[in-house]
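This report introduces a structure to a reader who has not met it before. The sequence and the model come first, and the description follows.

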Amino acid sequence: GHGYRFIHNEDMKLSAETSIGYAVGSNNLDQVIFRESIWASYKFTPKTSISNKFMWEKGGAIDYKRNVLSVDYDFSEHIVGSVMNSLVRDWRNTSTTTFNIGVKF
């Protein structure tokens with residue numbers, strides 16, 4: 001694919017990518033797929049950031065959109081937490097919110 005970084009510094013990032021692929025699978029899936037994605041993130045403080053990733057795929061019977069919004073917080077150097085919402089629009093139309101705690105090594 002082809003991508004471009006509009007903004008890329010320590011506190012803010014904004015980029016977009018366009019690509020073309022080929023999908024083969026069950027139910028006679030055999031077609032060209034076009035994909036567009038836009039990623040953005042912003043660091044409010046050294047410990048708090050927000051990010052959004054949007055992806056859209058289109059081709060034949062495929063019309064898929066996914067948006068993932070995440071707010072992250074570093075509790076310490078090794079302990080991190082986040083709240084993330086994933087919204088998918090296709091034949092399922094799902095929305096999932098997760099609360100995560102992680103360990104950095």
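## Hairpins and strand pairing

Strand 5 and strand 6 form a hairpin, with four residues between the two strands. The model in which this hairpin appears is a predicted one. Strands 5 and 6 run antiparallel and are joined by 10 bridges. Within this pairing, Arg66 stands opposite Val88, a residue of strand 6.

Strand 6 also forms a hairpin with strand 7, again with four residues between them. In the turn of that hairpin, Asn93 has a positive phi of about 50 degrees. Strands 6 and 7 are antiparallel, and 10 bridges join them. A further hairpin is made by strand 1 and strand 2, which have three residues between them. Strand 1 covers residues 2-8 and strand 2 covers residues 12-25; the two pair in the antiparallel sense over six bridges. His2 stands opposite Thr18 of strand 2.

## The surroundings of Asn85

Asn85 belongs to strand 6, which spans residues 79-89. Its place in the pairing with strand 7 is opposite Thr97. The side chains of Asn85 and Thr97 are also joined by a polar contact of 2.8 Å. In addition, the Asn85 side chain reaches the backbone oxygen of Thr96 at 3.5 Å.

When neighbours within four places in sequence are left aside, Asn85 is in contact with Asn67, Val68, Leu69, Ser95, Thr96 and Thr97. The C-alpha atom of Asn85 is separated by 6.4 Å from that of Ser70, although the two residues are 15 residues apart along the chain. Is Asn85 buried or exposed? Neither word applies, because its relative accessibility is 25% and Asn85 therefore counts as partly exposed.

## The nonpolar core

Which residues make up the largest nonpolar core? It has six residues, namely Ala23, Ile33, Met55, Ile62, Tyr64 and Val88. Val88 has been mentioned already as the residue that Arg66 stands opposite.

Ile62, another member of the core, is in contact with Ala23, Leu29, Gln31, Ile33 and Glu57 once its neighbours within four places in sequence are left aside. Among these contacts, Ala23 and Ile33 are themselves listed in the core.

## Salt bridges

How many salt bridges does the structure hold? There are four. One of them is formed by the side chains of Arg35 and Glu57, at 2.3 Å from N to O. This pair links distant parts of the chain: Arg35 lies in strand 3 (residues 29-45) and Glu57 in strand 4 (residues 48-59), 22 residues apart. Glu57 is buried, because its relative accessible area of 14% falls under the 20% cut-off. Arg35, in contrast, is partly exposed, with a relative accessible area of 34%. Glu57 is also one of the residues in contact with Ile62.

Another salt bridge joins Lys104 and Asp74, whose closest N and O atoms are 3.7 Å apart. Here too the pair links distant parts of the chain: Lys104 is in the segment after strand 7 (94-103) and Asp74 is in strand 5 (residues 62-74), 30 residues apart. Lys104 counts as partly exposed, at 39% relative accessibility. Asp90 and Arg92 form a salt bridge as well, with their closest N and O atoms 2.8 Å apart. Asp90 is buried, with a relative accessible area of 14%, whereas Arg92 is partly exposed, with a value of 45%.

## Aromatic pairs

A pair of aromatic rings is described by the distance of the centres and the angle of the planes. The structure holds three such aromatic pairs. One of them consists of Tyr4 and Phe6, whose ring centres are 4.9 Å apart and whose planes stand at 70 degrees, so the pair is edge-to-face.

Tyr42 and Phe44 form an aromatic pair that is edge-to-face, with 5.0 Å from centre to centre and 85 degrees between the planes. Tyr42 is partly exposed, with a relative accessible area of 33%. Phe44 counts as exposed, because its relative accessibility of 52% is over the 50% cut-off.

Key
Residues numbered from 1 in each chain as written. Predicted model: local features only at pLDDT ≥ 70, side-chain atom pairs only at ≥ 80, totals over all residues. Heavy atoms only, no water. Core = buried A, V, L, I, M, F, W, Y, C linked by side-chain atoms within 4.5 Å. Buried < 20%, exposed > 50% of the residue type's maximum accessible area, 1.4 Å probe, protein only. Contact = heavy atoms within 4.5 Å. Polar contact = N/O pair within 3.5 Å; in protein donor to acceptor, adjacent residues only side chain to side chain. Phe/Tyr/Trp six-rings, centres within 6.5 Å; stacked < 30°, edge-to-face > 60°. Pairing = 2+ DSSP bridges.
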